[in-house]
Amino acid sequence: MDNDVSAGSTTSIVGRLALGITLLAFGLGTTKVIDGVTTADAVSLAHYVGGVALFLVGLLALRDRDTATGTAFAALGALWFTWAVGAVGAGSQVSDNAAGLFLLLFALVALSLALGAGGVLDQATYGLLCVSMLLLAVAGFADSDSLGKVGGWFAVAAGAVAWYAATAVLAKWPTALPRRAAGRGVTAAG
């Protein structure tokens, strides 16, 4: 297995940890798998860790001329901050359709990040985030709790991948899939 751990700057590690923790809390709250824990319980974490910290990490990455990481974390930080203070914050007056539209736009950002990501773990994180936000948007439009729970599980998966990506760099675990040599594993018929 490749052990491609060189693509781990301090900002990308911190950003992946912040994103992973935020997605895990948000996703687990959305699934309601833990008794008494809901999406609203993730608001503070999403506000400060997913919003403020992730945005600041994005700015630091941009300062270090890491455009992809900086763009991803600054954009996601701004979206998490907005979600925390607007969509479900105290006294929120946002309709289900407005919240669904916000999540749909969040999904589009995640899709752009997935298509532009350089590593397989980042692509997986952003791809799973895109699917999660898309499912949650549709669940909001259709008022479907079960579809919302499925979207929450995709957020949990995205959070787990982001957490692994950060931890793998720190622990020097594999971060790339093994590649077969050209022509190996192919047998000639006849």
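Let me start with Ala 61, which at 0% relative accessibility counts as buried, and which has its place in helix α2. I should say at once that this is a predicted model, and that everything I describe is computed from it. If we leave aside the neighbours within four places in sequence, Ala 61 is in contact with Thr 11, Asp 66, Thr 69 and Gly 70. There is also a pairing with the beginning of the chain to point out, since Ala 61 and Thr 10 are 51 residues apart in sequence while their C-alpha atoms are 9.0 Å apart in space.

One of those contacts, Thr 11, deserves a few words of its own. Thr 11 lies in helix α1, and it is buried because its relative accessible area is 11%, where the cut-off for buried is under 20%. Not counting residues up to four places away in sequence, Thr 11 touches Val 57, Leu 60, Ala 61, Asp 64 and Phe 73. Its side chain is also joined to that of Ser 9 by a polar contact of 3.1 Å.

Further along the same helix, α1, we find Thr 30, which is likewise buried, with a relative accessible area of 10%. Here the side chain reaches the backbone oxygen of Phe 26, at 2.8 Å. Outside the window of four places in sequence, Thr 30 is in contact with Thr 39, Leu 136, Gly 148, Lys 149 and Gly 152.

Let me step back to the chain as a whole. It has 6 helices and 0 strands, so that, read from the N terminus on, the elements run α-α-α-α-α-α. Of its 190 residues, 41% count as buried. Among contacts between residues at least 6 apart in sequence, 69% join residues at least 24 apart. The accessible surface comes to about 9900 Å², and 64% of that belongs to carbon and sulfur atoms.

Now to the interior. In soluble globular proteins, nonpolar side chains tend to be buried together. In this model the largest nonpolar core has 32 residues, of which Leu 76, Trp 80, Tyr 126 and Met 133 touch the most other members. The elements that give two or more residues to this core are α1 (10–31), α2 (43–63), α3 (67–87), α4 (96–116), α5 (120–142) and α6 (145–171). To take one of the central members, Tyr 126 touches Leu 19, Ala 72, Phe 73, Leu 76, Ala 110, Leu 113, Ala 114 and Ala 117, again not counting residues up to four places away in sequence.

Next, the charged pairs: how many salt bridges does the count come to? The count comes to 2. In one of them, the side chains of Asp 122 and Arg 16 meet with an N to O distance of 2.9 Å. This pair links distant parts of the chain, with Asp 122 in helix α5, Arg 16 in helix α1, and the two positions 106 residues apart. Both Asp 122 and Arg 16 are buried. In the other, Arg 63 forms a salt bridge with Asp 64, the closest N and O atoms being 3.7 Å apart. Here Arg 63 counts as exposed, at 59% relative accessibility, whereas Asp 64 counts as partly exposed, at 46%. You may recall that Asp 64 is also one of the residues that Thr 11 touches.

Finally, the outside of the model. A nonpolar surface patch of about 790 Å² is made by Leu 101, Leu 104, Leu 105, Leu 108, Leu 111, Leu 115, Leu 134, Val 138 and Phe 141. The elements that give two or more residues to this patch are α4 and α5, and the largest share, 6 residues, comes from α4.

Two members of the patch may be set side by side. Leu 104 is found in helix α4 and, at 30% relative accessibility, counts as partly exposed. Leu 115 is found in helix α4 as well, but it is exposed, because its relative accessible area is 68% and the cut-off for exposed is over 50%. Leu 115 also has a pairing across sequence to mention, for Leu 115 and Gly 127 are 12 residues apart along the chain and 8.3 Å apart in space, C-alpha to C-alpha.

Conventions: Residues are numbered from 1 along each chain as its sequence is written. This is a predicted model: local features need pLDDT of at least 70, side-chain atom pairs count only at pLDDT 80 or more; totals for chains, interfaces and linings use all residues. Side-chain values use heavy atoms; hydrogens and water are left out. A nonpolar core is a set of buried Ala, Val, Leu, Ile, Met, Phe, Trp, Tyr and Cys residues joined through side-chain atoms within 4.5 Å. Buried means under 20% relative accessible area, exposed over 50%, partly exposed in between (1.4 Å probe, protein chains only). Helices (H or I, at least four residues) and strands (E, at least two) are DSSP runs, numbered from the N terminus. Contact means heavy atoms within 4.5 Å. Patches are made of residues with over 30% relative accessible area and no salt bridge: like charges are joined within 9 Å, nonpolar side chains (Val, Leu, Ile, Met, Phe, Trp, Tyr) within 5 Å. Accessible areas come from the Shrake-Rupley method with a 1.4 Å probe; for residues, only the protein chains shown count as cover. A salt bridge is a side-chain nitrogen of Lys or Arg within 4 Å of a carboxyl oxygen of Asp or Glu. A polar contact is a pair of N or O atoms within 3.5 Å; within protein, one must be able to donate a hydrogen and the other to accept it, and residues adjacent in sequence count only if both atoms are side-chain atoms.
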